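This report considers aromatic ring pairs and annotated spans in one protein chain. Please examine the sequence and the structure before reading on.

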Amino acid sequence: MMISPWDRWYSTSCCLCCHVRTGTIILGVWYMLINAVVLLILLTALSDPEQYHLTSAELANDLDVMDDANMCIASAISLLMILICGMATYGAYKLRAAWIIPFFCYQIFDFALNTLVAVSIVVYPNTIQDYLQQLPDNFPYKEEIAALSNVCLVLMVLLFIGCILSFKAYLIACVWNCYRYVSGRGSSEILLYVTTNDTTVLLPPYDDSVSVPPKQAPPPYITATA
């Protein structure tokens with residue numbers, strides 16, 4: 001019997017001891033807390049722009065990256081992420097599979113972006129040095145990092161990104177397994193009622209009926225003779 005790759009990697013446990021449903025709830029709450037802190041910082045910066053405003057001289061470039069428009073966009077993204085993570089948490093808790101899909105799509109999008117970053121570093125290794133030159137002069141260990149060769153920098157960055165991608169892929173698998181578990185749990189709880197004139201019969205789900213082994217046929221009827 002052939003087993004599909006999705007069924008081969010399917011598991012209801014994550015982190016060696018936690019159920020995928022519990023893990024998805026914890027992951028959704030964790031993402032909500034992070035985005036809530038980011039949103040709080042951005043709203044504080046918008047209320048007091050003089051304290052959190054970074055000029056081009058401080059960043060050693062020609063762009064003013066912390067203007068009000070960018071902070072408003074970042075605040076909207078953080079608010080949207082809180083909504084998506086809240087939907088995933090609610091969906092895993094209430095066994096609503098459709099509510100988990102937006103968070104799963106965000107994970108796929110985030111994984112694709114990190115993969116593109118790794119590919120761009122391989123194709124254009126000099127971008128690391130350009131990025132280091134744009135950092136402020138008081139950045140910790142800036143001179144020591146800049147003194148390393150391009151090959152060493154590329155290997156270090158790729159190793160770091162590879163670890164992040166592996167961890168993100170594991171989280172994606174956990175959320176996908178939770179989605180499959182919730183979907184299967186919802187479909188297995190569908191019961192059929194057959195009502196006649198005087199009786200009501202509760203039928204089991206179709207999958208459970210198919211999985212039951214058939215009983216042996218009764219012995220043939222033999223007419224008794226005197």
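## Aromatic pairs and annotated spans

W99 has a relative accessible area of 36%, so this residue counts as partly exposed. The model discussed here is predicted. Y90 is likewise classed as partly exposed, at 34% relative accessibility.

Six aromatic pairs are counted in the model. One of them joins Y31 and F103: the ring centres lie 5.5 Å apart and the planes meet at 80°, so the pair is edge-to-face. This contact connects distant parts of the chain, since Y31 belongs to helix α2 (residues 20–47) and F103 to helix α6 (residues 101–123), with their positions 72 residues apart. Y31 is buried because its relative accessibility is 16%, and the cut-off for that class is under 20%. F103 is buried as well, with a relative accessible area of 0%.

Y90 and W99 form another pair, with ring centres 4.8 Å apart; their planes stand at 55°, so this pair is tilted. In addition, Y31 and F103 form one aromatic cluster together with Y106.

The UniProt record, an unreviewed entry, places the feature "transmembrane region" at residues 25–46, 73–93, 100–125 and 145–167. Two of these spans are described in the table below.

| Span | Helix content | Strand content | Distance between end C-alpha atoms |
|---|---|---|---|
| Residues 73–93 | 100% helix | 0% strand | 30 Å |
| Residues 145–167 | 87% helix | 0% strand | 25 Å |

Terms used:
Residues are numbered from 1 along each chain as its sequence is written. This is a predicted model: local features need pLDDT of at least 70, side-chain atom pairs count only at pLDDT 80 or more; totals for chains, interfaces and linings use all residues. Side-chain values use heavy atoms; hydrogens and water are left out. UniProt positions are given in the numbering used here, feature names are shortened, and annotations may be inferred rather than shown by experiment. Helices (H or I, at least four residues) and strands (E, at least two) are DSSP runs, numbered from the N terminus. Rings of Phe, Tyr and Trp (its six-membered ring) pair if their centres lie within 6.5 Å; planes under 30 degrees apart count as stacked, over 60 as edge-to-face and the rest as tilted. Buried means under 20% relative accessible area, exposed over 50%, partly exposed in between (1.4 Å probe, protein chains only).
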